[in-house]
Amino acid sequence: MAAVLQVLPRLARAPLRPLLSGGAVVRLASGMALAEQAQQLFESAVGAVLPGPMLHRALSLDPGGGQLKVRDRSFQLRQNLYLVGFGKAVLGMAAAAEELLGQHLVQGVISVPKGIRAAMEHAGKEEMLLKPHSRVQVFEGAEDNLPDRDALRAALAIRQLAESLTADDLLLVLISGGGSALLPAPIPPVTLEEKQTLTKLLAARGANIQELNTIRKALSQLKGGGLAQAAYPAQVVSLILSDVVGDPVEVIASGPTVASVHNVQDCLHILNRYGLRAALPRSVKTVLAQADSDPHGPHTCGHVLNVIIGSNALALAEAQRQAEALGYRAVVLSAAMQGDVKSIARFYGLLAQVAGAHVTPAGAGASAAEDEQLWELATELQLPNPQLKEALEAVVGAGGPICLLAGGEPTVQLQGSGKGGRNQELALRVGVELGRRPLGPVDVLFLSGGTDGQDGPTEAAGAWVMPELASQATAEGLDVGAFLSHNDSHTFFRCFRGGVHLLHTGLTGTNVMDAHLLFLRPR
């Protein structure tokens with residue numbers, strides 16, 4: 001069966017292309033046909049946030065007049081355009097930018113993950129690679145997404161370029177997820193090791209991501225608006241691919257082109273809260289004292305235009321359009337699904353049961369208790385009520401197949417040493433939930449995939465499941481509960497039905513968190 005559907009060998013630019021080539025067209029059973037559509041829609045979501053389409057939506061160039069238009073702003077180009085970038089998707093973004101801007105680009109420096117050029121070459125993704133003799137210098141670093149000496153060298157090269165600019169220049173900044181680890185430049189005399197140690201101590205004592213970012217920014221030359229300040233008085237246009245729920249520009253890559261709203265007193269309050277102020281290295285105390293006595297006060301970023309060019313919401317909107325083109329009533333629930341995968345799996349199981357009760361003529365299958373539980377879980381997961389209400393109303397009036405879409409970044413509580421990622425674990429848990437609920441005469445399928453093409457330390461992007469999963473696994477001698485208890489979802493899906501339920505895309509060159517698709521089709 002695995003040979004029947006090796007999906008998505010390479011993502012194409014076209015949003016909806018056949019996933020099976022001419023000679024490989026196969027008569028698929030109903031469930032497999034639904035799975036093909038699910039994977040097709042996942043591909044369309046990813047296709048909407050690939051570097052090429054994103055850059056061409058955000059930028060337009062008048063070659064004759066040398067005018068660069070970004071949203072409703074225009075910039076005159078006259079051998080004054082420079083580029084810097086940092087993040088997991090920035091290699092492809094830089095390649096697309098250089099292709100679009102051509103000879104107008106004078107010089108560039110980007111910081112990207114270690115090994116990404118070789119991985120893109122191996123995957124045959126030439127469109128994600130800079131051309132020979134490119135004007136953009138590439139630094140690779142931050143192995144395992146941890147700041148290191150290679151990333152520090154890249155950050156210092158980016159700072160040097162920014163500081164060389166004048167009021168006549170324009171700096172194009174490309175930012176994507178992973179940018180924070182790829183742009184480490186502590187304020188001297190703080191060392192990279194001291195900053196990392198302090199961050200780890202705070203995390204170990206329970207500091208949240210906002211608190212960690214506040215400290216990181218205070219000790220950084222480039223974060224918290226530092227890059228924008230280094231580039232002043234040049235104009236700065238920052239194009240941002242968001243991998244953060246809600247798309248807060250001050251959080252993505254720690255906001256290098258966004259003025260920090262925090263001051264030294266905020267930092268000291270955090271350090272006091274976790275009992276670390278007395279144990280601070282002398283270098284950290286020196287930097288905080290210097291910031292406290294800065295006569296200029298906090299800087300602003302009035303010379304910066306920050307633009308979100310790609311996000312989870314944008315990807316889901318494209319999948320919604322394509323689902324409607326295939327005849328589904330499609331509703332986006334939320335682009336901010338977060339929380340433990342166990343709660344989210346239970347939510348999707350309840351949603352399928354409640355929606356299934358309305359999508360079939362019999363109208364049976366969910367009680368008032370299940371309906372109440374669904375709303376309680378939605379509140380717990382902070383899911384906006386209007387979208388859930390709209391989704392259920394759409395189901396009632398659909399009279400045909402339904403596609404409910406959501407996205408975000410769930411979390412997994414690790415309790416075993418298995419292999420997997422949050423998408424595969426979520427899919428497996430949803431499969432179990434669907435199998436234990438009465439769903440009526442309706443085909444149900446759930447897919448969860450990471451838009452970057454990598455779900456945890458595996459070669460899969462995610463997986464898809466149907467209500468029969470648990471019973472079919474038992475027939476194959478697979479104990480789903482045992483795999484889940486060891487966080488070993490990838491091993492399960494590799495064994496289950498020859499691995500056909502795994503979603504394989506390879507590296508996509510983008511990252512806007514995860515996409516979840518729930519299909520209900522009356523039989």
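In which loop is arginine 71 found? In this predicted model, arginine 71 belongs to the loop between E2 and E3, and the description below starts from that hairpin before turning to other loops, to an annotated span and to an enclosed cavity.

Strand E2, formed by residues 67–70, and strand E3, formed by residues 73–76, pair in the antiparallel sense over 4 bridges. Valine 70 has arginine 73 of E3 as its bridge partner, and 2 residues stand between the strands of this hairpin. Within the hairpin, arginine 71 takes a phi near 55°, which is a positive value in a residue other than glycine. Most residues other than glycine have a negative phi, and most peptide bonds are trans. With a relative accessible area of 52%, arginine 71 is exposed, since the cut-off for that class is over 50%.

A further positive phi, of about 60°, is found at aspartate 144, which is likewise not a glycine. Aspartate 144 is placed in the loop that runs between strand E6 (136–141) and helix H5 (149–163), and its relative accessibility of 69% makes this residue count as exposed.

Cis peptide bonds are also present in the model. One of them joins proline 188 and proline 189, with omega at about 10°; proline 189 is located in the loop between strand E7 (170–175) and helix H6 (192–204). Another joins tyrosine 232 and proline 233, where omega is about 15°, and proline 233 is part of the loop between helix H8 (226–231) and strand E8 (235–241).

According to the UniProt record, an unreviewed entry, the annotation "domain: MOFRL-associated" covers residues 38–288. Helix accounts for 39% of this span and strand for 18%, while the C-alpha atoms at the ends of residues 38–288 are 52 Å apart.

When the whole structure is searched for cavities of 30 Å³ or more, 1 is found. The largest cavity holds about 40 Å³ of space, and its lining is made up of Asp340, Val341, Lys342, Val412, Gln413, Gln415, Glu425, Arg429 and Asn487. Sorted by class, this lining comprises 2 nonpolar, 3 polar and 4 charged residues. At least two residues of the lining are supplied by helix H12 (341–359), and at least two by helix H15 (422–435).

Notes:
Residues numbered from 1 in each chain as written. Predicted model: local features only at pLDDT ≥ 70, side-chain atom pairs only at ≥ 80, totals over all residues. Heavy atoms only, no water. UniProt positions renumbered as here; feature names shortened; annotations may be inferred. 1 Å grid on protein atoms, 1.4 Å probe; cavity = no way out; pocket = protein on both sides within 12 Å on 5 of 7 lines; lining within 4 Å. Points joined across faces, edges and corners; volume = space filled by probe spheres on them. Nonpolar A, V, L, I, M, F, W, Y, C, P; charged D, E, K, R; others polar. Pairing = 2+ DSSP bridges. Buried < 20%, exposed > 50% of the residue type's maximum accessible area, 1.4 Å probe, protein only.
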